[in-house]
Amino acid sequence: MNQQIYVQCRKCKSSFPYNTYVITCPDCGHGWLDAFYPSPAQSFTSGAAPANLWRYREHLPLHHAENIVSLGEGWTPLLHAKQLGSQIGHAHIYLKDERQNPTGSFKDRQASIAISMMKEAGIREAVVSSVGNVAIAYAAYAARAGIKLWIFVPEGIPDEKVRETAVYGPYIIKIPGTYDQTKQAAANYAKEHNLFLDRGIKGIAAKEAMKTIAYEIAEQLGEPGLWQAPDWYLQSVSGGLGPVGVVKGFQELKEWGLVNKIPQLGCFQVDGCAPMVNAFEQKRPFAEPIRHPHTNIITLTTGDPGEAYEVLFELMTQHGGEMASVSDGEAYQALHTLARTEGISVEPATAVAIAGLIKFINQGIIRPDETVVVNCSGHTMPVSEHILLNHPPRQSETQGSYFEQPEPV
Ligand SMILES: Cc1ncc(COP(=O)(O)O)c(C=O)c1O
Ligand SMILES: [Zn+2]
């Protein structure tokens, strides 16, 4: 049994003990809820913890260990990127290799916690929407838990991702529209059929999952009993879940005296779908939706971030940080730079963060003495056709120039 967990509503701030899967605030009906834990558990820094995210079980929203649905997610390596660093002129770059999660992306953390919570609440059938990685991750974990899953995806996502999702046996519904329209279709379907709808960033599971990235970074950068926060946490963003959860994690650690600072955030979007960056550059706390995203990097096409941007704006105003957008071409170039310097092959959506890292170092936004952690959020594997741009591999003597000017995929 876990320590007592509480839930707080973002809007009216009322809080109540967390007993079962809550969906909206019982006082005002608002949908953005956060879990909190009154104190750090005794065992927080003990060395005997399992090598997955459930090492932090006492700070996760699950009451009974028998409900854990795990494939070994989390506790991914934190790699010092020396070669990339020497190429782009920065000595303190670390890569959180989230590709090494069971289905190849950081969304496995979210799937493990969300599906475990569903299991604990007795939910047998659920609806989720995704641009690919959540679909794959949830399909795998739902299969393991024996939960029937309806997954809504926009039609533009790579076939490889749909096939990878389908292997696990969920129902997949392709929506001829944008990701935002897909989310709406999923919500409508859940309502019509009275099914549980995964609420993504608004719900408790997703943010609690992403905060484990912060715990791990602090534990891995530091030493036993002396955890350490980096100066920067960098990620490509679509809905904004990763950075929101990661800051929550560092806030908790700071409150409990386990780290002495909260990193600044570097958040990156693609030029063709950058509603958060547009708003942030004008210092506006609300984002104007992008109705027609124009990019081949479908993974990052949340056109209407809604409340997530408001939260991110508040967090970045409080703790510092910058946002920027990069072109698809810059992302593809960064993808190959990373692969060739560090042996790490990320998907284009992740490469957006590498392109952003290069940009911030060149612009002096990240100072030479600052420690940077970049989330290597997903593997190239389920997007292989897009990575190679439908061409056969090239001869070694001409290596280098081939990917400079990627064609549209
Ligand atoms: C590989 C990858 N990177 C980055 C993101 C952006 O994540 P978020 O904005 O939800 O933190 C996603 C979202 O699906 C993703 O799949
Ligand atoms: Zn409320």
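**Exercise 1. Which exposed residues does the face of α5 turned away from its buried side carry?**

Solution. This is a predicted model.
Step 1: find the helix. Helix α5 covers residues 179–192.
Step 2: list its buried residues. They are Tyr179, Asp180, Thr182, Lys183, Ala186 and Ala190.
Step 3: see where they point. They cover an arc of only 160° around the axis, so they sit on the same side of α5.
Step 4: turn to the face away from that side. The exposed residues there are Lys191 and Glu192.

**Exercise 2. Check the length of α5, then say what its buried residues pack against.**

Solution. Step 1: count. Helix α5 has 14 residues.
Step 2: apply 1.5 Å a residue. The helix should span 20 Å; its end C-alpha atoms are 20 Å apart, so the two agree.
Step 3: look at the packing. The buried residues of α5 pack against β6, β7, β8 and β9.
Step 4: move just past the helix. There, asparagine 194 takes a positive phi of about 55°.

**Exercise 3. In what order do the strands β6, β7, β8 and β9 stand in their open sheet?**

Solution. Step 1: read across the sheet. The order is β8-β7-β6-β9, with parallel pairing.
Step 2: find the edges. These are β8 (171–175) and β9 (196–197). Each has a single partner strand, so one side of each lacks a neighbour in the sheet.
Step 3: examine one pair. Strand β6 (residues 125–129) joins β9 in the parallel sense over 2 bridges.
Step 4: pick out a residue. Valine 127 stands opposite leucine 197 in β9.

**Exercise 4. Which helix gives the most residues to the largest nonpolar core?**

Solution. Step 1: size the core. It holds 120 residues.
Step 2: note the members that touch the most others. Among them are Tyr138, Met276 and Leu312.
Step 3: name the helix. Helix α6 (residues 204–221) gives the most, with 10 residues.
Step 4: follow one member. Leaving out residues up to four places away in sequence, tyrosine 138 touches Ala111, Ile115, Val128, Leu149 and Ile151.
Step 5: recall the general rule. In soluble globular proteins, nonpolar side chains tend to be buried together.

**Exercise 5. Test whether the radius of gyration of the protein chain agrees with that of a compact globule.**

Solution. Step 1: take the expected value. For 409 residues, a compact globule would have a radius of gyration near 22 Å.
Step 2: compare. The protein chain has 20 Å, which agrees.
Step 3: add the burial. Of the 409 residues, 51% count as buried.
Step 4: add the contacts. Of those with a separation of 6 or more, 69% join residues 24 or more positions apart.
Step 5: count the elements. The protein chain has 12 helices and 13 strands.

Conventions. Residues are numbered from 1 along each chain as its sequence is written. Chains are lettered from A and ligands numbered from 1 in the order in which they are written. This is a predicted model: local features need pLDDT of at least 70, side-chain atom pairs count only at pLDDT 80 or more; totals for chains, interfaces and linings use all residues. Helices (H or I, at least four residues) and strands (E, at least two) are DSSP runs, numbered from the N terminus. The radius of gyration is taken over C-alpha atoms; the globule rule is 2.2 Å times the number of residues to the power 0.38. A residue is buried if 20 or more other C-beta atoms lie within 10 Å of its own, exposed if 12 or fewer, and partly exposed in between; C-beta atoms are placed from the backbone. Two residues are in contact if their C-beta atoms, placed from the backbone, lie within 7 Å. Two strands pair if DSSP finds at least two bridges between them. A nonpolar core is a set of buried Ala, Val, Leu, Ile, Met, Phe, Trp, Tyr and Cys residues joined through C-beta atoms within 7 Å. The expected span of a helix is 1.5 Å times one less than its number of residues. The arc is that of the directions from the helix axis to the C-beta atoms.
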